[in-house]
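Open the model in your viewer and keep the selection tool at hand. Each stop below tells you what to select and what to look for.

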Amino acid sequence: MEILLPDDVDKAAEYLLSARLVAFPTETVYGLGARADNDLAVAGIFEAKGRPSFNPLIVHVASMAAAEEVAILKGPLRDFAEAFWPGPLTIVAPSLGSVSKLVTAGLSTVAVRVPNHPLALKLLAETGCPIAAPSANPSGQISPTEAQHVVSGLGSKIAAVLDGGTTTVGVESTIVGLVDGVVTILRPGGITQDQIEIVTGQSVKPLGKSTDPKPSAPGQLASHYAPAKAVRLNAASPEAGEVFLGFGDIQSGQFNLSPTGNLKEAAANLFRLLHELDALETHQSIAVAPIPNTGLGVAINDRLSRAAAPR
Ligand code: TXA
Ligand code: MG
């Protein structure tokens with residue numbers, strides 16, 4: 001695969017327009033992009049990731065106006081778009097049917113977001129068409145927060161990666177939608193439940209975790225974001241063979257998500273450190289310190305519990 005620098009953004013746009021796959025940075029993680037209006041291009045995403053085809057994809061656009069060519073944004077869903085775009089919030093809304101059915105996996109809704117990253121926005125503006133993009137990693141594995149993660153995960157399977165350095169948020173976008181007409185957090189992520197509740201003025205329900213391998217409302221797959229090594233959570237200290245991933249004062253060895261116990265910093269470091277610990281030849285498994293389950297900690301614990309789930 002070709003590594004493109006920020007100056008080559010027009011080349012990345014050209015590749016996308018000619019239905020090739022290009023990974024690009026967003027503020028959350030690197031996405032594996034394909035033009036969302038082209039069945040063959042979108043099929044390429046599933047092939048490159050080895051992703052189960054029942055899992056629908058997020059559509060990325062440059063603006064609210066562009067989103068409205070893909071989805072119907074009304075009521076609270078429109079309020080969220082106005083409050084958080086560009087930003088790490090994905091909105092599931094009724095689809096206008098303008099993207100490939102492979103993107104929506106045949107659902108009547110579509111997931112859409114405007115990412116808050118200058119290079120992503122430039123790329124989306126230059127292509128001028130909606131871009132479907134899941135995280136740019138092989139299905140089930142750790143999400144990429146650096147171009148090098150994309151290179152090692154997807155190798156020759158895609159045309160290029162646009163290198164925009166390390167992503168800042170570090171966990172995927174929060175997904176909101178209506179379930180039986182009620183605002184529901186379908187996946188915790190970069191926007192916290194508190195931030196969403198400020199917009200609705202009401203308490204908002206997170207969706208219960210599903211173990212159903214076919215996520216209809218998408219509770220999502222239990223095992224996901226998984227390193228090759230086994231992961232043990234809420235550990236006070238490492239046991240034999242384990243490398244320790246600390247948080248705040250709960251610490252052993254040199255790896256810590258945030259020595260000061262800052263959840264934002266921990267989210268930004270999470271996937272990079274999991275990649276790093278997974279590559280260590282000196283240890284067989286990973287133990288992780290407890291992370292408070294508030295604010296961004298909810299998204300971090302969601303990813304960690306999937307990383308630790310039975311495979
Ligand atoms: O931060 C992110 O969201 C990253 C970056 C690249 O933008 N993207 C990402 O995409 O995480 P992906 O494809 O890994 O996550 C897609 C999730 C899936 O869990 C899927 O179930 C949900 O979005 N989804 C997509 N379309 C949906 C729909 N119509 N209804 C409900 N859930 C949907
Ligand atoms: Mg993913």
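The tour goes from the whole chain to the sheet, then to the cores and a few single residues.

**Stop 1: the whole chain**

Start with everything shown. This is a predicted model. The protein chain holds 10 helices and 14 strands. Its C-alpha trace spans about 55 × 45 × 35 Å along the principal axes. Is the chain's radius of gyration in agreement or at odds with that of a compact globule? A compact globule of 311 residues would have a radius near 19 Å, and the protein chain has 19 Å, so the two agree.

Now colour by burial. Of the 311 residues, 52% count as buried. The exposed surface comes to about 13000 Å², with carbon and sulfur atoms supplying 53% of it. Contacts reach far along the sequence: among those between residues at least 6 apart, 66% join residues at least 24 apart.

**Stop 2: the sheet**

Switch to cartoon view and find the open sheet. It is formed by 11 strands with mixed pairing. Follow them across in the order β1-β8-β2-β3-β7-β4-β6-β5-β9-β10-β11. Which strands are at the edges? They are β1 (2-4) and β11 (205-206), and each pairs on one side only.

Select β5 (residues 89-94) and β6 (residues 109-113). These two run antiparallel and are joined by four bridges. Click A93, then look across to its bridge partner in β6, V110.

**Stop 3: helices on the sheet**

Add helix α2, residues 39-49. This helix packs on the sheet and touches β3 and β7. Its direction makes about 150° with that of β3.

Next, select helix α1, residues 9-17. Helix α1 lies across β1, β2 (22-24), β3 (31-35), β7 (131-132) and β8 (160-162). It runs at about 130° to β1.

**Stop 4: the hairpin and the far edge**

Move to β9, residues 174-179, and its partner β10. They pair in the antiparallel sense over five bridges. One bridge links V179 to V182 in β10. Two residues sit between the strands of this hairpin, and D180 takes a positive phi near 50°.

Keep β10 selected and add β11. Here the pairing is parallel, over two bridges. I185 stands opposite P206 in β11. Why is β10 called largely enclosed? Five of its six residues are buried, so the rest of the structure largely encloses the strand.

**Stop 5: the nonpolar cores**

Show side chains now. In soluble globular proteins, nonpolar side chains tend to be buried together. The largest nonpolar core here has 44 residues. Select F80, W85, L89, I91 and I196, the members that touch the most others in this core. Several elements each supply at least two residues to this core: β3, α2, α4 (75-84), β5, β6, α7 and β10 (182-187). Which element gives the most? It is α2, with five residues.

Zoom in on F80. Beyond its sequence neighbours up to four places away, F80 touches W85, L89, I91, V176, V183, I196, V199 and T200. Apart from this core lies another, of 31 residues. L245, A287, A289 and A299 are among its members.

**Stop 6: T145 and H149**

Select T145, in the loop between β7 and α7. Is T145 buried or exposed? T145 has a relative accessible area of 0%, so this residue is buried. Show its contacts beyond four places in sequence: T28, V29, Y30, G165, T166, T167, G170, F271 and R272.

Step along to H149, in helix α7 (residues 147-154). H149 is also buried, with a relative accessible area of 10%. Leaving out residues up to four places away, H149 touches P144, R272 and H275. Pick R272 and you have a residue that is in contact with both T145 and H149.

**Stop 7: D194**

Finish at helix α8, residues 193-200, and select D194 within it. D194 is exposed, with a relative accessible area of 52%. Use the distance tool from D194 to L296. The two are 102 residues apart along the chain, and their C-alpha atoms are separated by 9.9 Å.

How values were computed
Residues are numbered from 1 along each chain as its sequence is written. Chains are lettered from A and ligands numbered from 1 in the order in which they are written. This is a predicted model: local features need pLDDT of at least 70, side-chain atom pairs count only at pLDDT 80 or more; totals for chains, interfaces and linings use all residues. Side-chain values use heavy atoms; hydrogens and water are left out. Two strands pair if DSSP finds at least two bridges between them. Contact means heavy atoms within 4.5 Å. Axes are lines fitted to C-alpha atoms, for helices over the stretch in contact, and angles run from 0 to 180 degrees between N-to-C directions. Buried means under 20% relative accessible area, exposed over 50%, partly exposed in between (1.4 Å probe, protein chains only). The radius of gyration is taken over C-alpha atoms; the globule rule is 2.2 Å times the number of residues to the power 0.38. Accessible areas come from the Shrake-Rupley method with a 1.4 Å probe; for residues, only the protein chains shown count as cover. A nonpolar core is a set of buried Ala, Val, Leu, Ile, Met, Phe, Trp, Tyr and Cys residues joined through side-chain atoms within 4.5 Å.
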